[in-house]
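The following exercises concern one protein chain and are to be solved from its sequence and coordinates. Each task is followed by a worked solution.

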Amino acid sequence: MGETPLPPLKAEPALASRLVVHPIDDQLRDEARRFRLVFACPDCASFDADRDRCSLGYPNADHRDPSLEGRRELVFCKAFELA
Ligand code: SF4
């Protein structure tokens, strides 16, 4: 059985840089593991785990998944603050 194809990118690279959408590659996955990078809602000071939502009221569907596996891009939240 072959690998599952990755979903298409949401934005072209030039536009993606303005939208804080970052392509995910093996280097990023490796550096995220080595340096324990965090960027998603569960590690953000504004995440309300009890209500499973952003306490600032931001839509967070694109920011909730802390995994970099099986994804081609990462959408950063400009309001992320390390918990
Ligand atoms: S500020 Fe951004 S990263 Fe933090 S909980 Fe809200 S949507 Fe998620």
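**Exercise 1.** Locate Pro-42 among the secondary-structure elements, classify Pro-42 as buried or exposed, and identify which residues Pro-42 touches beyond four places in sequence.

*Solution.*
Step 1. Pro-42 is found in the loop between α2 and β2. Helices (H or I, at least four residues) and strands (E, at least two) are DSSP runs, numbered from the N terminus. Residues are numbered from 1 along each chain as its sequence is written. The model is predicted, so local features need pLDDT of at least 70 and side-chain atom pairs count only at pLDDT 80 or more, whereas totals for chains, interfaces and linings use all residues.
Step 2. A residue is buried if 20 or more other C-beta atoms, placed from the backbone, lie within 10 Å of its own, exposed if 12 or fewer, and partly exposed in between. Pro-42 counts as exposed because it has 12 C-beta neighbours inside 10 Å.
Step 3. Two residues are in contact if their C-beta atoms, placed from the backbone, lie within 7 Å. Not counting residues up to four places away in sequence, Pro-42 touches Phe-47 and Pro-66.
Step 4. Pro-66 is 24 residues from Pro-42 along the chain, and their C-alpha atoms are separated by 7.5 Å.

**Exercise 2.** State the order of helices and strands in the protein, and determine how many residues of α2 are buried.

*Solution.*
Step 1. The protein has two helices and four strands, and their order along the sequence is α-β-α-β-β-β.
Step 2. Buried residues account for 8% of the 83 residues.
Step 3. In α2, zero of the nine residues are buried, so this helix lies largely in the open.
Step 4. Among contacts between residues at least 6 apart in sequence, 61% join residues at least 24 apart.

**Exercise 3.** Examine the phi angles of Arg-36 and Asp-52, and give the surroundings of each residue.

*Solution.*
Step 1. Arg-36 is not a glycine, yet its phi is positive, at about 50°. This value occurs just after α2, in the loop that runs between α2 (26-34) and β2 (47-48).
Step 2. Arg-36 is exposed, as 8 other C-beta atoms lie within 10 Å.
Step 3. Asp-52, also a residue other than glycine, has a positive phi near 55°. Its place is the loop between β2 and β3 (53-54).
Step 4. Asp-52 is exposed, with 10 other C-beta atoms within 10 Å.

**Exercise 4.** Find the C-alpha separations of the pairs Glu-69 and Arg-29 and Asp-25 and Glu-73.

*Solution.*
Step 1. Glu-69 lies in the loop between β3 and β4 (73-75) and is exposed, with 7 other C-beta atoms within 10 Å.
Step 2. The C-alpha atoms of Glu-69 and Arg-29 are separated by 7.7 Å, the two residues being 40 apart along the chain.
Step 3. Asp-25 belongs to the loop between β1 (21-23) and α2; with 11 C-beta neighbours inside 10 Å, Asp-25 counts as exposed.
Step 4. Asp-25 and Glu-73 are 48 residues apart along the chain, and 8.4 Å separates their C-alpha atoms.

**Exercise 5.** Describe the residues that surround the ligand and divide them by polarity.

*Solution.*
Step 1. A residue is near the ligand if its C-beta atom, placed from the backbone, lies within 6 Å of it. The surrounding residues include Cys-41, Cys-44, Cys-54, His-63 and Cys-77.
Step 2. Ala, Val, Leu, Ile, Met, Phe, Trp, Tyr, Cys and Pro count as nonpolar, Asp, Glu, Lys and Arg as charged, and the others, Gly among them, as polar.
Step 3. The shell divides into nine nonpolar, three polar and no charged residues.
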